[in-house]
Amino acid sequence: MRAGVVERYGPPSVVRIATVADPVAGRGEVVVRVMAATVNSGDARIRGARFPRGFALPGRLALGLRGPRASVLGVVFAGVVEAVGEEAEGGRRRSRGGASWAPGFAVGDRVCGMTGARMGAHAELVAVSASRLVRIGDGISFDDAAGVLFGGTTALSFLRDRAAVRPSERVLVVGAAGAVGTNAVQLAKHLGATVTAVTSAQNAELVTALGADRVVDYRVTPTSALAEHGERFDVVFDTVGALSPRTGRPLLAEGGRLLLAAATLGEMIAARGPVKTGTAPQRPEDFTMLLDLVGSGALRVVVDDTLPLDRLAAAHARVDSGRKTGNLVLHPQLAAEPV
């Protein structure tokens with residue numbers, strides 16, 4: 001199969017397209033033919049070894065010293081089941097409420113999921129545990145199924161689980177036009193909040209269409225300066241690393257919560273009280289909830305661009321530019337572009 005390979009850390013140019021061995025479905029695993037995958041900030045950070053402050057050494061120890069040990073990156077995918085391994089036809093899946101029955105998968109099923117630290121989604125085929133998959137409902141495209149998972153699970157984890165956003169609360173979303181931010185604006189509205197979105201002026205129309213009640217152009221009004229104007233929020237969700245506990249706390253109303261999705265190691269260790277950090281779990285029940293919202297029209301998946309596999313390096317460059325809106329979707333099954 002063809003795959004995007006990263007053998008050493010570096011700029012987007014280190015990404016190359018190569019032919020590698022097809023994955024094989026192990027016990028409890030499924031091989032999926034990838035119809036859509038996303039290229040997101042996490043992929044770009046790993047490729048460039050641009051870990052948050054304090055994570056440089058732990059990151060390299062975990063992922064690889066000079067390059068990622070899992071040379072095919074990508075954690076989000078949607079596609080069609082190609083092969084089913086032993087014990088992947090059905091079994092028990094653990095959920096937050098305990099063990100529950102998980103229906104099995106068959107060749108031809110439309111599915112999506114996340115691979116976690118195993119990565120491997122930037123390829124024509126990916127092998128993944130059946131416990132990390134959910135079926136894609138009728139009427140939902142592969143692009144939307146893949147596009148909602150990375151940003152959607154992160155936004156859901158912070159807003160619903162960490163902040164417990166309640167109706168009528170005031171939520172500030174910083175980085176509102178990104179993969180996480182576009183979902184955060186919509187999910188905060190879904191939870192009944194009043195949303196102020198921080199983004200550039202060129203993205204104001206987009207985030208307003210997603211439900212933002214107000215848009216702040218960060219080039220005109222720096223986010224931290226909002227506190228100087230007397231503004232306070234029940235929840236401040238920084239999706240891009242623009243704030244710290246020191247600059248974010250003054251924005252909080254009494255009982256407010258500060259959510260830092262791109263925290264440094266020191267911030268994660270010191271986080272307490274109103275400051276919430278951490279990584280988002282990859283739970284199939286959350287995938288299903290997000291897909292249901294997409295299917296009902298309550299959640300819109302924003303796609304910046306779609307690209308064939310051989311433009312994977314260009315996708316990484318787009319992420320690095322900081323100008324991406326929503327998701328970049330990769331189509332591994334598209335034929336290579338002519339030279």
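Okay, let's start with a pair: Arg118 and Glu29, whose side chains meet in a salt bridge at 2.6 Å, N to O. What I like here is where the two partners sit. Arg118 is in the loop between β7 (110-114) and β8 (125-129), while Glu29 belongs to strand β3 (residues 29-39), so to speak a link between distant parts of the chain, 89 residues apart. Keep in mind that this is a predicted model.

Now, buried or exposed, what about Glu29? Glu29 is buried, with a relative accessible area of 15%, and that label applies because buried means under 20%. Its partner Arg118 comes out at 43% relative accessibility, which makes Arg118 partly exposed.

Next pair: Arg166 and Glu169. Their side chains also meet in a salt bridge, 2.9 Å from N to O. On the acid side, Glu169 is buried at 7% relative accessibility. Arg166, on the other hand, has 46% and counts as partly exposed.

Then there's Arg16, and which residue does Arg16 form a salt bridge with? That would be Glu7, with the closest N and O atoms 2.9 Å apart. Here the acid is exposed: Glu7 has a relative accessible area of 53%. Arg16 is partly exposed, at 38% relative accessibility.

Some of these contacts go beyond pairs. If you want to click on something in the viewer, try Arg160, Asp161, Arg283 and Asp286, which are linked in a network of salt bridges.

And how many salt bridges turn up in a search of the whole structure? The search finds 17, and the Arg118 to Glu29 contact I opened with is a salt bridge too. That's it from me.

Terms used:
Residues are numbered from 1 along each chain as its sequence is written. This is a predicted model: local features need pLDDT of at least 70, side-chain atom pairs count only at pLDDT 80 or more; totals for chains, interfaces and linings use all residues. Side-chain values use heavy atoms; hydrogens and water are left out. A salt bridge is a side-chain nitrogen of Lys or Arg within 4 Å of a carboxyl oxygen of Asp or Glu. Buried means under 20% relative accessible area, exposed over 50%, partly exposed in between (1.4 Å probe, protein chains only). Helices (H or I, at least four residues) and strands (E, at least two) are DSSP runs, numbered from the N terminus.
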